[in-house]
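Q: Please take a close look at a single part of this model and its flanks. Then add what else stands out, with cut-offs for each term.

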Amino acid sequence: MSVHKEVKKVTTHVLQEMKLKGEKIAMLTGYDYSMARILDKAGVDIILVGDSASNVMAGHETTLPITLNEMIYHASSVIRAVDRALVVIDLPFGSYQGNSKEALNSSIRIMKESGGHAVKLEGGKEILESVERILTAGIPVMGHLGLTPQSIYKFGTYSVRAKEEDEANRLIEDAKLLEEAGCFSIILEKIPAELAKRVATELKIPVIGIGAGNGCDGQVLVSHDMLGINNEFNPRFLRKYHNLYEEMHGAFKNYIEDVRSGDFPNENEQY
Ligand code: KIV
């Protein structure tokens with residue numbers, strides 16, 4: 001008899017069941033092995049290898065510069081750490097907007113080279129053909145509507161989206177199209193809570209929110225933001241569970257002091 005307990009993996013079906021049972025879905029971003037190991041052990045349902053890696057890992061101002069190869073590198077590091085969570089990987093800017101064949105090829109590269117479980121694309125009606133084509137290869141797709149950071153230069157700001165009726169109606173229509181096309185879930189970013197709640201109620205698939213209120217079927221945050229590693233990003237929707245910036249800064253300062261004073265290493269820390 002095996003002493004190892006079988007881990008019940010989170011699949012797209014499990015997420016669908018969670019929605020039906022009214023169980024909220026917890027999702028966070030992860031970009032490297034060590035963080036993903038902790039996320040998975042903590043029991044997070046979905047790890048998103050977000051293109052926010054472009055900001056928090058590489059220090060770019062936007063998500064646009066990160067490449068498909070870089071996303072595959074991050075995703076394969078995360079996959080090696082995970083036993084339970086579903087790992088969703090962002091298709092980066094420029095890897096799917098050209099046409100549906102390009103979108104399919106990029107998704108296949110991600111799945112084959114990283115071992116990931118699903119891909120995420122930003123947009124609605126304009127990427128529908130790509131979503132359908134990716135799905136024909138058996139690759140699960142997550143949608144992303146509302147604030148779509150890859151279009152930052154079109155919108156000009158990171159402010160709340162779909163506040164006006166026109167844009168709200170378009171978002172509802174896009175959400176329904178993505179569901180009909182076969183997406184297993186969608187993310188709604190930075191839209192009014194009432195609108196997100198309406199979408200979550202009208203859709204059968206799980207709707208995960210970030211800055212979209214409590215009426216969604218689950219929530220996602222960027223791990224570095226909720227841990228307070230980056231102390232310069234403080235939007236209203238962000239709950240900080242730690243002040244890691246201060247803690248890490250303090251630890252690094254103590255180490256530097258100990259090295260400079262000759263206190264580290266002591267007798268017990270040498271051979
Ligand atoms: O890239 C990312 O981290 C995301 C989340 C903000 C949803 O897309």
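A: What follows takes helix α8 and its flanks, then the largest pocket and a cis peptide bond.

This is a predicted model, in which local features need pLDDT of at least 70 and side-chain atom pairs count only at pLDDT 80 or more, while totals for chains, interfaces and linings use all residues. Residues are numbered from 1 along each chain as its sequence is written, and side-chain values use heavy atoms, with hydrogens and water left out.

Helix α8 covers residues 165–181, 17 residues in total. Helices are DSSP runs of H or I with at least four residues, strands are runs of E with at least two, and both are numbered from the N terminus. From first C-alpha to last, α8 reaches 24 Å, close to the 24 Å expected at 1.5 Å a residue. The expected span is 1.5 Å times one less than the number of residues.

Which residues of α8 are buried? They are A168, L171, I172, D174, A175, L178, E179 and A181. Buried means under 20% relative accessible area, exposed over 50%, and partly exposed in between, with a 1.4 Å probe and protein chains only. These buried residues pack against α6 (128–136), β5 (141–146), β6 (185–189) and α9 (193–202). Contact here means heavy atoms within 4.5 Å.

Now the flanks. A162 sits in the loop between α7 (152–155) and α8. A162 is not a glycine, yet its phi is positive, about 60°. A162 counts as buried, at 3% relative accessibility. Just after α8, G182 has a positive phi of about 120°. K190 lies in the loop between β6 and α9. Its phi is also positive, near 50°, in a residue other than glycine. K190 is buried, with a relative accessible area of 19%.

Next, the largest pocket. Its volume is about 790 Å³. A pocket is an open set of points on a 1 Å grid over the protein atoms alone, with protein on both sides within 12 Å along at least five of seven lines; lining residues have an atom within 4 Å of a point. Grid points are joined across faces, edges and corners, and the volume is the space filled by probe spheres set on them. The lining has 31 residues, with Q219, V220, L221, F237 and Y241 nearest the centre. α2 gives the most, 4 residues.

Last, the F264 to P265 peptide bond is cis, with omega near -5°. P265 is in the segment after α11 (244–261).

Key
1 Å grid on protein atoms, 1.4 Å probe; cavity = no way out; pocket = protein on both sides within 12 Å on 5 of 7 lines; lining within 4 Å.
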